[in-house]
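Here's a quick tour of the fold in front of you, starting from a single side chain and working outward. Have the viewer open while you read.

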Amino acid sequence: MSEFDSVSTDTKAILGLQLPTDPRWVNLAQISLEEVLTDHAYCEQKAATSCISLIQRYSEKEILVEALAPIVTEEWGHFRLVLAEIKKRELRLGKQRRDDYVNALLLFVQKGGDHHGRFLDQLLLMAMIEARSCERFKRLSEGLQDEYLRKFYRRFMESEAGHYALFIELAETYVDKEAVRRRWKEWLDYEAEVIQNLQVRGDRMH
Ligand SMILES: [Fe+2]
Ligand SMILES: [Fe+2]
């Protein structure tokens with residue numbers, strides 16, 4: 001069993017993630033850097049556009065708008081950093097791939113029902129994606145051979161951890177803390193299932 005077979009204790013303690021990341025990110029010796037950077041670039045792009053969407057949808061919530069406006073800039077800055085890294089290494093930004101992980105998470109977002117529940121789920125979806133990104137970047141920062149890239153991913157890891165905390169804080173600003181805690185627990189359980197399903201499929205593919 002390698003050190004990547006389980007979520008390290010601190011990641012679990014900080015983020016509450018139940019399972020380690022999907023296999024695409026696990027085999028660090030074999031993954032293509034071009035693919036990692038391409039996937040990463042689109043993650044950052046989607047983070048920026050998701051924050052813009054939240055601002056558009058919840059423009060009446062001043063604290064949210066104020067908090068997310070700088071995150072849009074930050075995420076777009078992340079996208080540019082990744083793009084620069086791709087260029088520096090004479091790699092190419094590939095096509096955006098279907099993101100089975102995010103698509104599966106989207107299914108858990110409350111569709112009908114009350115406005116508060118839907119709003120809370122939008123924030124927890126973002127918190128979930130940030131938490132998982134943070135865990136992936138942590139693995140890369142610990143597992144990649146290239147010293148420069150290890151530091152590169154360390155900085156992203158710290159930044160996404162901050163964003164995870166921000167989305168939870170925003171949820172607690174607008175929704176009863178106990179309700180946030182309860183729903184977050186459900187998200188964590190659901191996410192663990194998603195990771196497990198992706199892993200089963202990954203095993204079959206190799
Ligand atoms: Fe980011
Ligand atoms: Fe982020």
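Arg150 sits in helix H6, and the model it belongs to is a predicted one. Is Arg150 buried, exposed or partly exposed? Arg150 counts as partly exposed because it has 14 C-beta neighbours inside 10 Å, while the buried class begins at 20. Setting aside neighbours within four places in sequence, Arg150 is in contact with Ser141 and Leu144. You can also check its spacing to Lys138: the two residues are 12 apart along the chain, and their C-alpha atoms are separated by 8.9 Å.

Now zoom out a bit. The protein has 7 helices and 0 strands, so reading from the N terminus you get α-α-α-α-α-α-α. Of its 206 residues, 29% count as buried. Take the contacts between residues at least 6 apart in sequence, and 72% of them join residues at least 24 apart.

Next, how the helices pair up. Two packed helices are described by the angle between their axes and the distance between the axes. Here are two pairs with those values.

| Helix pair | Axis angle | Axis distance | Handedness |
|---|---|---|---|
| H2 and H3 | about 160 degrees | 8 Å | left-handed |
| H5 and H6 | roughly 160 degrees | within 8 Å | left-handed |

What does the angle say about direction in the H5 and H6 pair? With the axes crossing at roughly 160 degrees, H5 is roughly antiparallel to H6, because angles over 145 degrees are put in that class. H2 and H3 are likewise roughly antiparallel to each other.

On to the inside. The largest nonpolar core has 36 residues, and the members that touch the most others are Leu123, Leu124, Ala127, Tyr164, Phe167 and Ala171. The elements giving two or more residues to this core are H2, H3, helix H5 (115-143), H6 and helix H7 (177-205). Which element gives the most? That's H5, with 12 residues. For a local view of the core, pick Tyr164: leaving aside neighbours within four places in sequence, Tyr164 is in contact with Leu15, Ala127, Glu130, Ala131 and Cys134.

H3 deserves its own look. Helix H3 covers residues 62-88, 27 residues in total, and reaches 40 Å from its first C-alpha to its last. That is close to the 39 Å expected at 1.5 Å a residue. Which residues of H3 are buried? They are Leu64, Leu68, Ile71, Glu75, His78 and Val82. For reading a list like that, remember that an α-helix has 3.6 residues a turn, so residues three or four places apart point the same way. What do the buried residues of H3 pack against? Their partners are helix H2 (33-57) and helix H6 (147-174).

One backbone detail follows H3. Most residues other than glycine have a negative phi. Glu90 is not a glycine, yet its phi is positive, about 55 degrees. Where is Glu90 found? Glu90 lies in the loop between H3 and helix H4 (100-106). Glu90 is also exposed, because just 7 other C-beta atoms lie within 10 Å, and the exposed class takes 12 or fewer.

How values were computed:
Residues numbered from 1 in each chain as written. Chains lettered and ligands numbered in written order. Predicted model: local features only at pLDDT ≥ 70, side-chain atom pairs only at ≥ 80, totals over all residues. Helix = DSSP H or I, 4+ residues; strand = E, 2+ residues; numbered from the N terminus. Expected span 1.5 Å × (residues − 1). Contact = placed C-beta atoms within 7 Å. Core = buried A, V, L, I, M, F, W, Y, C linked by C-beta atoms within 7 Å. Axes fitted to C-alpha atoms, helices over the stretch in contact; angles between N-to-C directions. Parallel < 35°, antiparallel > 145°, perpendicular 65-115°, else oblique. Left-handed = near helix turned anticlockwise from the far one by under 90°.
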